[in-house]
Amino acid sequence: MIQREPIFPANRHALYEEHGYSAAIRSGDMLFVSGQVGSRADGTPEPDFAAQVQLAFDNLAATLAAAGCTFNDLIDVTTFHTDPENQFPTIMQVKQSIFPQPPYPNWTAVGVTWLAGFDFEIKVIARIPTSTSAG
């Protein structure tokens, strides 16, 4: 049986405990990251949309780093948007700063009506580099 190892970024473990899920699960050389949002340190949404998107990517980077990964290890990305038509230009600016050149990861964008007070969420699947030991 393949073991599942929970991964948590520094300083955010209590948020996941409160809601009963892991930030990410390592299974073999794969990392499955739960949806990351633009939450401030106290768990509340960042009110400025562009800053919320950037903060979601920052929170994602911290979760990836906790497993020894970077954005370069992403295979599949799914994003959720409460107002895709109006939000997409802002999201694309941040996305292009994170992924400035090919090869790009797979990307699926989904419009939703509710994200628990947030307007953007990103979840990913990554391959853990072979140079990282499975702790």
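**Core, salt bridges and pocket in a predicted model**

Serine 22 is found in the loop between H1 and S2. The model described here is predicted. Leaving out residues up to four places away in sequence, serine 22 touches Pro6, Phe8, Tyr16 and Ser34. Glutamine 54 lies 32 residues from serine 22 along the chain, and the C-alpha atoms of these two residues are separated by 21 Å.

The largest nonpolar core holds 24 residues. Leu31, Phe57 and Leu64 touch the most other members. Five elements each supply at least two residues of this core: strand S3 (30-37), helix H2 (49-66), strand S4 (74-81), helix H3 (84-98) and strand S6 (120-127). H2 provides the largest share, six residues. In soluble globular proteins, nonpolar side chains tend to be buried together. Phenylalanine 57 illustrates the contacts made across the chain. Neighbours within four places in sequence aside, phenylalanine 57 is in contact with Phe71, Val94, Ile98, Phe99, Trp107, Phe120 and Ile122.

Two of these contacts, Val94 and Ile98, are also among the buried residues of H3. The buried set in this helix comprises Gln87, Ile91, Val94, Lys95 and Ile98. An α-helix has 3.6 residues a turn, so residues three or four places apart point the same way. The buried residues of H3 pack against H2, S4, strand S5 (106-111) and S6. The helix is not straight: H3 has a kink of about 30°, centred on threonine 90. Serine 97 is also found in H3. Its relative accessibility is 49%, and serine 97 therefore counts as partly exposed, since the exposed class begins over 50%. The C-alpha atoms of serine 97 and leucine 60 are separated by 14 Å, and the two residues are 37 apart along the chain.

A search of the whole structure finds two salt bridges. Side chains of opposite charge can pair when their charged atoms come close. One bridge joins glutamate 5 and arginine 26, with the closest N and O atoms 3.2 Å apart. This pair links distant parts of the chain. Glutamate 5 sits in strand S1 (residues 5-7) and arginine 26 in strand S2 (residues 24-27), 21 residues apart. Glutamate 5 is partly exposed, at a relative accessible area of 26%. Arginine 26 is buried, at 7%.

The other bridge is formed by the side chains of aspartate 29 and arginine 127, at 2.8 Å from N to O. Aspartate 29 lies in the loop between S2 and S3, and arginine 127 in strand S6, so the pair ties together parts that are 98 residues apart in sequence. Aspartate 29 is partly exposed, with 36% relative accessibility. Arginine 127 is likewise partly exposed, at 41%.

The largest pocket has a volume of about 270 Å³. Its lining is made up of 14 residues. His19, Tyr21, Val37, Ala116 and Phe118 lie nearest the centre of the pocket. Helix H1 (13-19) and S3 are the elements that give two or more residues to the lining. S3 thus contributes to the pocket lining and also supplies at least two residues of the largest nonpolar core.

Definitions and conventions:
Residues numbered from 1 in each chain as written. Predicted model: local features only at pLDDT ≥ 70, side-chain atom pairs only at ≥ 80, totals over all residues. Heavy atoms only, no water. Core = buried A, V, L, I, M, F, W, Y, C linked by side-chain atoms within 4.5 Å. Buried < 20%, exposed > 50% of the residue type's maximum accessible area, 1.4 Å probe, protein only. Helix = DSSP H or I, 4+ residues; strand = E, 2+ residues; numbered from the N terminus. Contact = heavy atoms within 4.5 Å. Salt bridge = Lys/Arg side-chain N within 4 Å of Asp/Glu carboxyl O. Bend = angle between axes of the 7 residues up to and from the residue. 1 Å grid on protein atoms, 1.4 Å probe; cavity = no way out; pocket = protein on both sides within 12 Å on 5 of 7 lines; lining within 4 Å. Points joined across faces, edges and corners; volume = space filled by probe spheres on them.
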